[in-house]
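Here is a short tour of one structure, written for someone meeting it for the first time. Have a look at the picture, then read on.

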Amino acid sequence: MGDRTEKHAILVDRSAVPVDTLRARIGAAVVVQGWLQNKRASKDLYFLEVRDGSGLVQCVVSRHEVDDASWSAAVRITQESALTVRGTVVANARQIGGVEIQVSSAEIFSLADEYPISPKAHGVEFLMDRRHLWLRSRRPWATLRVRNRVIMSIHEFYQERGFVQMDAPILTSSAVEGTSTLFGIDYFSTPAYLTQSGQLHGEAMAMAFGKIYTFGPTFRAEKSKTRRHLTEFWMMEPEMAFYDLDMNMDLAEDFIVRLVSDVLRDCQEELKVLGRDTAPLSRVQKPFPRLTYEEAVDLLKSDATRDLLHQRAKGLREKLTALSNERMQIRQQYGQAKQWKRRRMDARRIEINRQQSAAEEELRNIPGWERSAREFEWGSDFGGSDETLLTWHFDRPIIIHRYPAPVKAFYMKRDPEDDRLALGMDVLAPEGYGEIIGGGERATDLAFLQRQVDDHNLPREAFEWYFDLRRYGSVPHAGFGLGLERTVAWICCLEHIREAAPFPRTLGRLSP
Ligand code: 4AD
Ligand code: MG
């Protein structure tokens with residue numbers, strides 16, 4: 001084994017252009033450097049699908065148009081080999097990006113071993129074990145570019161509004177969001193934790209800078225295997241002095257509308273690759289319905305929820321019939337189909353199986369969801385399925401506010417109208433996704449906070465610095481946290497949050 005670099009290979013060609021600029025270069029001679037995503041052969045022709053990160057382009061190598069070395073490169077090249085291609089850009093409306101390259105020369109930079117990920121579909125665990133390579137495929141490309149767009153929009157949105165970005169520490173001495181999901185570490189023989197949230201430090205920074213936001217990795221030792229939980233995720237948390245709960249909800253609403261509209265404007269190609277129906281995203285407009293916890297509980301227990309569930313079950317059964325019909329059709333046509341068509345059918349069959357198991361699983365869950373909704377008791381926190389059901393009643397995100405204090409964190413301000421309630425709010429993403437934002441107005445009273453810390457069995461010493469914020473110029477203030485991966489999972493319509501992170505960390509995964 002050893003170095004696979006071909007002798008005399010061109011290393012870096014500085015005149016190479018990004019694939020996503022080819023559309024503007026029709027008729028020009030160009031150089032493209034990248035990797036071979038896929039290859040098809042036909043008599044005297046090779047079709048090389050070349051990926052450079054910015055996009056994909058089909059490169060047509062014709063036996064009669066290139067020298068022997070280039071032809072031999074086209075013959076020998078394997079999937080994921082690195083190569084340099086020269087040629088002319090021509091329009092071809094049927095190709096991705098509307099162009100292709102008529103190759104004048106092709107050169108292998110390094111020849112790849114047999115690649116473990118073939119163009120046909122694999123199971124997600126297989127792919128996650130090879131995430132370092134899977135990142136090169138279309139779905140991760142699309143998803144993580146949407147993630148990038150969301151990150152940019154986060155900064156733009158807050159910077160335009162005069163917020164100052166500040167980093168909260170990752171190594172901390174205390175819990176923020178309860179003690180059950182803390183990752184403990186040994187900090188020079190002192191117990192310490194990976195932060196669950198930057199909020200408490202965010203509050204200190206807001207008292208110094210007015211309006212701030214933190215954006216960084218946060219950690220939860222979640223022992224749950226749901227599609228909504230990571231153990232390491234990125235949270236963006238604005239914190240504002242002289243802000244109340246209503247202002248907080250207004251900000252969250254403007255923020256989500258902005259994120260979605262930026263993605264719709266700039267990520268059309270990505271959403272297409274993901275097969276994302278954009279109609280529900282276009283409906284993400286102000287105002288979002290706002291329900292008190294009390295109203296949400298009534299809705300959850302209502303006949304309307306039961307009806308929605310029954311409709312859903314009916315829809316799922318229809319979907320299963322359609323999928324099984326499609327599978328039968330493929331089986332009938334497979335024998336006569338050409339090679340390239342068979343490949344497409346193989347991929348479709350795997351997709352049909354995936355959709356079938358997802359629909360069957362959901363169908364199995366529905367009776368449990370119905371029971372949990374009907375028997376929901378005032379004072380409990382909403383579970384994942386309860387949130388999903390609530391979102392089905394609306395065509396856009398919803399905000400639920402004024403939760404029973406015991407289900408919320410120690411720092412929440414109480415509702416002056418009803419001391420049983422905390423001035424907290426959650427934003428639930430539509431289409432079943434559920435909570436993407438949690439936040440609220442913070443308690444300002446020192447004695448109250450000290451009692452809260454005791455009642456939550458938290459060590460007072462660790463919060464002395466936090467109490468100082470109430471000793472020296474305590475003011476009404478509020479903020480929230482947005483989970484980046486949950487937001488991206490919703491916008492991209494992913495089945496599982498893990499695909500929204502480049503290298504996800506979950507209960508069962510710490511590698512690659
Ligand atoms: O609702 P949470 O726990 O709120 C806080 O941490 C507050 N201190 C935030 C604040 O007010 N500054 O978490 C906020 C968001 C959730 O709405 C969710 O989107 C995300 O963080 N989140 C998770 N995302 C992925 N995996 C997990 N295990 C998550 N836990 C929370
Ligand atoms: Mg929450």
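Let's start with ligand 1, which has 24 residues around it in this predicted model. The closest of them are Glu177, Gln199, Glu237, Glu435 and Ile436. What kinds of residues make up that shell? They split into 8 nonpolar, 8 polar and 8 charged.

Some of the shell residues also make polar contacts with the ligand, and the table gives three such pairs.

| Atom of ligand 1 | Partner in the protein | Distance |
|---|---|---|
| nitrogen | N or O atom in the side chain of Glu177 | 2.7 Å |
| nitrogen | N or O atom in the side chain of Tyr411 | 3.3 Å |
| oxygen | polar backbone atom of Ile436 | 2.8 Å |

So much for single contacts; next comes the cover as a whole. Ligand 1 taken alone exposes 630 Å², and the protein buries 94% of that. Which elements give two or more residues to the shell? They are strand S11 (232-241), strand S16 (434-441) and strand S17 (477-483). S16 gives the most, with 5 residues.

Now for a sheet elsewhere in the list of elements. Three strands come together here as an open sheet, in the order S7-S9-S8, with antiparallel pairing. Why do S7 and S8 each have one side without a neighbour in the sheet? Strand S7 (171-172) and strand S8 (183-187) stand at the edges and have a single partner strand each, so one side of each is left free of a neighbour in the sheet. In general, strands of a sheet pair through backbone hydrogen bonds, and the pairing can be parallel or antiparallel. Between S8 and strand S9 (residues 190-194), the antiparallel pairing runs over 5 bridges. If you'd like to pick out one of these bridges, look for Ile185, whose partner in S9 is Ala192.

Last stop: Arg130. You'll find Arg130 in the loop between helix H2 (124-129) and helix H3 (131-134). Is Arg130 buried, exposed or partly exposed? Its relative accessibility is 24%, so Arg130 counts as partly exposed, since buried would mean under 20% and exposed over 50%. Which residues does Arg130 touch, once its neighbours within four places in sequence are left aside? Those contacts are with Pro116 and Ile117. Tyr466, on the other hand, sits 336 residues from Arg130 along the chain, and the C-alpha atoms of the two are separated by 43 Å.

How values were computed
Residues numbered from 1 in each chain as written. Chains lettered and ligands numbered in written order. Predicted model: local features only at pLDDT ≥ 70, side-chain atom pairs only at ≥ 80, totals over all residues. Heavy atoms only, no water. Helix = DSSP H or I, 4+ residues; strand = E, 2+ residues; numbered from the N terminus. Buried < 20%, exposed > 50% of the residue type's maximum accessible area, 1.4 Å probe, protein only. Contact = heavy atoms within 4.5 Å. Near = heavy atom within 4 Å. Polar contact = N/O pair within 3.5 Å; in protein donor to acceptor, adjacent residues only side chain to side chain. Areas by Shrake-Rupley, 256 points an atom, 1.4 Å probe, with all protein chains shown as cover. Nonpolar A, V, L, I, M, F, W, Y, C, P; charged D, E, K, R; others polar. Pairing = 2+ DSSP bridges.
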